[in-house]
Every structure is written in structure tokens, then in C-alpha cells.
Amino acid sequence: RRGGEPAGARLLALARRELLEVLLPQLQGEARFRARLVAKALKIATHELEGGAAEEADWLPRLRDLAAASLPGGADLTAMSDSELLAAFSAGLRAGRLDGRQELYELLVKLTEERRMRVG
């Protein structure tokens, strides 16, 4: 292994490069489109194997804080599942209870940047 990369991530990256540099130029139309979709999937999988999924998990506590700020007092967020937390956050967002919050803006920027890195 070079550079301490996980072996699986390296193999996916090599397969993606082969697909983009060797196979894709030989394809046209629907086959070319599908090959580009496969290349994007390989890029996402490589990112996750390299620890991208762990990096993304750091937004959950920030989301929990924002959800707490958007709910009436007394709501027990620690007992909520991740899907319930997302629903509470979404409801607060739709109701305008998070309008103007700098933390929300920063979280959305971070999530957008992470998504851009994954899908290129």
C-alpha cells in the first residue's frame, strides 16, 4: 500500500481512474452516461472507506443543538433517534424558529461542502 491508504479505497480509486481514462473515452451516448454514474459511485465509496463517513458524523451534535433551540422547552433530545431528531430539526426549520441563526448557516455550508467533495 502507498501512502497508508486503506487497500479497498486504493483499489476503488484505481478502478475509477481506469474507467475514466481508458474506458470512458471509448464510450458514447447512454453507455458513456452510465459509466460516469459508476465513476461517481466509486468516488463516493472511496471517500467513505477513507473515513469520510466518520467525518460527517461530527455534524450530528450540532444538529442536535439546533433542534433543541427550535423545540419548546422540556423536549428530551437524548431519547430521540436520529430520524426523530432530523424530523424535529426540519419542523423547527419550516416553522421559522431557526431563522437568522449563524450556527444553522455554518452547518449548511459544511454539509454542502462535504456533499460537493463526495460527488465532485
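Colleague: Where does L71 sit?

Modeller: L71 is in the loop between α3 and α4. Helices here are DSSP runs of H or I with at least four residues, strands are runs of E with at least two, and both are numbered from the N terminus. Before we go on: this is a predicted model, in which local features need pLDDT of at least 70 and side-chain atom pairs count only at pLDDT 80 or more, while totals for chains, interfaces and linings use all residues. Residues are numbered from 1 along each chain as its sequence is written, and side-chain values use heavy atoms, with hydrogens and water left out.

Colleague: Which residues does L71 touch, not counting those up to four places away in sequence?

Modeller: They are L77, M80 and A88. Contact means heavy atoms within 4.5 Å. Also, the C-alpha atoms of L71 and G92 are 6.7 Å apart in space, with their places 21 residues apart in sequence.

Colleague: What makes a group of residues a nonpolar core?

Modeller: The members must be buried Ala, Val, Leu, Ile, Met, Phe, Trp, Tyr or Cys residues, joined through side-chain atoms within 4.5 Å. Buried means under 20% relative accessible area, exposed means over 50%, and partly exposed is in between (1.4 Å probe, protein chains only). The largest core here has eleven residues: L63, L66, A67, L71, L77, L85, A88, F89, L98, L104 and L107. Two or more of them come from each of α3 (59–70), α4 (82–94) and α5 (102–119). Apart from that core lies another, of five residues, including L19, L24, A35 and A39. As a general point, nonpolar side chains in soluble globular proteins tend to be buried together.

Colleague: How many helices and strands does the chain have?

Modeller: Five helices and zero strands, in the order α-α-α-α-α along the sequence. Of its 120 residues, 21% count as buried.

Colleague: How do you know that the buried residues of α3 line one face of the helix?

Modeller: The buried residues in α3 are L63, L66, A67 and S70. Down the axis of α3 they fall within an arc of 100°, so they line one face. The arc is taken over the directions from the helix axis to the C-beta atoms.

Colleague: And what span should α3 have at 1.5 Å a residue?

Modeller: The expected span is 1.5 Å times one less than the number of residues. For the twelve residues of α3 that is 16 Å, and the end C-alpha atoms are 17 Å apart, which agrees.

Colleague: Which residues of α4 are buried?

Modeller: L85, A88, F89 and G92. These also fall within an arc of 100° down the axis of α4, so they line one face of that helix. On the other side of α4, S83 and R94 are exposed. Its 13 residues reach 18 Å from first C-alpha to last, close to the 18 Å expected. Just after α4, G96 takes a positive phi of about 85°.

Colleague: Why is A87 called partly exposed?

Modeller: A87, in helix α4, has 45% relative accessibility, so it falls between the two cut-offs and counts as partly exposed. The C-alpha atoms of A87 and A67 are separated by 9.0 Å, though the two residues are 20 apart along the chain.

Colleague: Is T46 buried or exposed?

Modeller: At 9% relative accessibility T46 is under the 20% limit, so it counts as buried. T46 is in helix α2 (residues 29–56). Its side chain reaches the backbone oxygen of L42 at 2.7 Å. Leaving aside neighbours within four places in sequence, T46 is in contact with A9, L12 and A13.

Colleague: Why does L12 count as partly exposed?

Modeller: L12 has 22% relative accessibility, so it is past the buried limit without reaching the exposed one. L12 lies in helix α1 (residues 7–23) and touches L42, A45, T46 and L49, not counting residues up to four places away in sequence. From L12 to L42 the C-alpha distance is 6.1 Å, across 30 residues in sequence.

Colleague: What about L49 in helix α2?

Modeller: L49 is at 46% relative accessibility, so it counts as partly exposed. L49 and A7 are 42 residues apart in sequence and 9.4 Å apart in space, C-alpha to C-alpha.

Conventions:
A polar contact is a pair of N or O atoms within 3.5 Å; within protein, one must be able to donate a hydrogen and the other to accept it, and residues adjacent in sequence count only if both atoms are side-chain atoms.
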